[in-house]
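Student: Could you take me through one part of this structure slowly and closely? I would like to look at the aromatic rings and at what surrounds them.

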Amino acid sequence: MLSILIYHRVLAIPDPLRPGEVDAAVFDTQMHHLSKNCEVIPLLEATTLLKQGKLPRRACCITFDDGYADNFTVALPILEKYRLSATVFIATAYLDGGKMFNDTVIDLIANTKEKSLDLRDIGLGDFVLDSDASRRDAIAALLAKLRYVPLQERETLTAQIRKLAGSEEMPIDTMLTTEQVKMLPGRGIEVGGHTDAHTILTTLGAEQSYAEIQRGKCRLEAIIEKPIRAFAYPNGFPNRDYADEHVRIVKELGFEVAVTTAAGIARRDSDIYQLPRFTPWDKGMLMWSARLVKNAWLRRPAAVI
């Protein structure tokens, strides 16, 4: 059995508006625990051993989605400290100064000086912004409304939110640079595909999906000068964010393994192109460890469809 952990960001310090992201101190504690209690293996090697039935006990992989700069600046030194491998799945459209829509929305709400935000004229609701809790609620509601909106419409709506919120200029160093991506393989990190623009594949036609996945793969291969062999579906929940036709495209493009966000444990009979993963939400180590154990030994894989 194989536990595949999924992270996105590793923040230098806690951010009250990003409660789902670990910070450096929490991540360090988690990686120390893994180094002492699990056998952390690179994803491609682990999946080969999984299919051969040769995985060691408590086998585990560490993965990151999207391609955040703090994967390199914050997480990587901690991984190196404990001599742990990982895989970073990168959406290439945001390299070198780009920003994903969810981070744009979070930053707009974080930086606005307004205590309320009326977005009813653009169909997004009316929000109180007088506390961290109310801002988190606004962010959650906006992300839920915008996530499945077509890309161009979403960009238009995000621009309107920016105007109505009157937010200040935001940092543009959120995502990895090309130079950082180049350095990842030499520092023990596998690079995987995550499409180009992180578009949810079920919102696209078959040809668009193929092009979106292929663009990301080709750009990464040009950067690291190696084949890109692993893929992560954007958003990643089966039959909602991707479908059987996208699994076929991933195979056709030459990927050897693909991961989802469906919760569960990978077993020898799991679909190698739809491997489940485990999101380590708990910040306290007691609950985090207990959830990891439960995931590894008690839970059936939810991603085999």
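Tutor: What follows begins with the whole protein and then turns to its aromatic rings and their surroundings.

This is a predicted model, in which local features need pLDDT of at least 70 and side-chain atom pairs count only at pLDDT 80 or more, while totals for chains, interfaces and linings use all residues. Residues are numbered from 1 along each chain as its sequence is written, and side-chain values use heavy atoms, with hydrogens and water left out.

The protein has ten helices and twelve strands, where helices (H or I, at least four residues) and strands (E, at least two) are DSSP runs, numbered from the N terminus. The radius of gyration, taken over C-alpha atoms, is 19 Å, close to the 19 Å that the globule rule gives for 305 residues, so the protein is as compact as a globular protein of that length; the globule rule is 2.2 Å times the number of residues to the power 0.38. Along the principal axes, the C-alpha atoms fill a box of roughly 55 × 45 × 35 Å. Of the 305 residues, 54% count as buried, a word that means under 20% relative accessible area, with exposed meaning over 50% and partly exposed in between (1.4 Å probe, protein chains only). Among the contacts with a separation of 6 or more, 72% come from residues 24 or more positions apart, and contact here means heavy atoms within 4.5 Å.

Now to the rings. The structure holds six aromatic pairs; rings of Phe, Tyr and Trp (its six-membered ring) pair if their centres lie within 6.5 Å, and planes under 30 degrees apart count as stacked, over 60 as edge-to-face and the rest as tilted. One of these pairs is formed by Phe27 and Phe64, with 6.0 Å from centre to centre and 55° between the planes, and it is tilted. Phe27 belongs to helix 1 (residues 24–37) and Phe64 to strand 5 (residues 59–66), so this pair ties together parts that are 37 residues apart in sequence. Phe27 and Phe64 are both buried.

These two residues also appear in the largest nonpolar core, which has 67 residues and in which Phe27, Met31, Ile62 and Phe64 touch the most other members. A nonpolar core is a set of buried Ala, Val, Leu, Ile, Met, Phe, Trp, Tyr and Cys residues joined through side-chain atoms within 4.5 Å. Helix 3 (residues 69–81) gives the most to this core, with six residues. Leaving aside neighbours within four places in sequence, Phe27 is in contact with Tyr7, Val10, Val22, Phe64, Ala75, Ile78 and Leu79. There is also a second, separate core of 22 residues, which includes Ala138, Ile139, Leu142 and Ala165.

Another pair brings us to Phe231 and Phe255, whose ring centres are 5.2 Å apart and whose planes stand at 50°, so this pair is tilted. Phe231 lies in strand 10 (residues 230–232), whereas Phe255 lies in the loop between helix 9 (244–252) and strand 11 (257–263), so the pair ties together parts that are 24 residues apart in sequence. Phe231 has a relative accessibility of 0% and counts as buried, and Phe255, with a relative accessible area of 2%, is buried. Together with Tyr233 and Tyr242, Phe231 and Phe255 form one aromatic cluster.

Charged side chains meet some rings as well. The charged end of Lys217 sits over the ring of Phe255, 5.4 Å from its centre, and the charged end of Arg154 sits over the ring of Phe101, 4.1 Å from its centre. A charge sits over a ring if NZ of Lys or CZ of Arg is within 6 Å of the ring centre and within 35 degrees of the ring normal.

Finally, look at the loops beside two of the strands already named. Asn235 lies in the loop between strand 10 and helix 9; its phi is near 65°, a positive value in a residue other than glycine, and with a relative accessible area of 22% Asn235 is partly exposed. Arg58, in the loop between helix 2 (43–52) and strand 5, has a phi near 55°, again a positive value in a residue other than glycine, and at 40% relative accessibility Arg58 counts as partly exposed.
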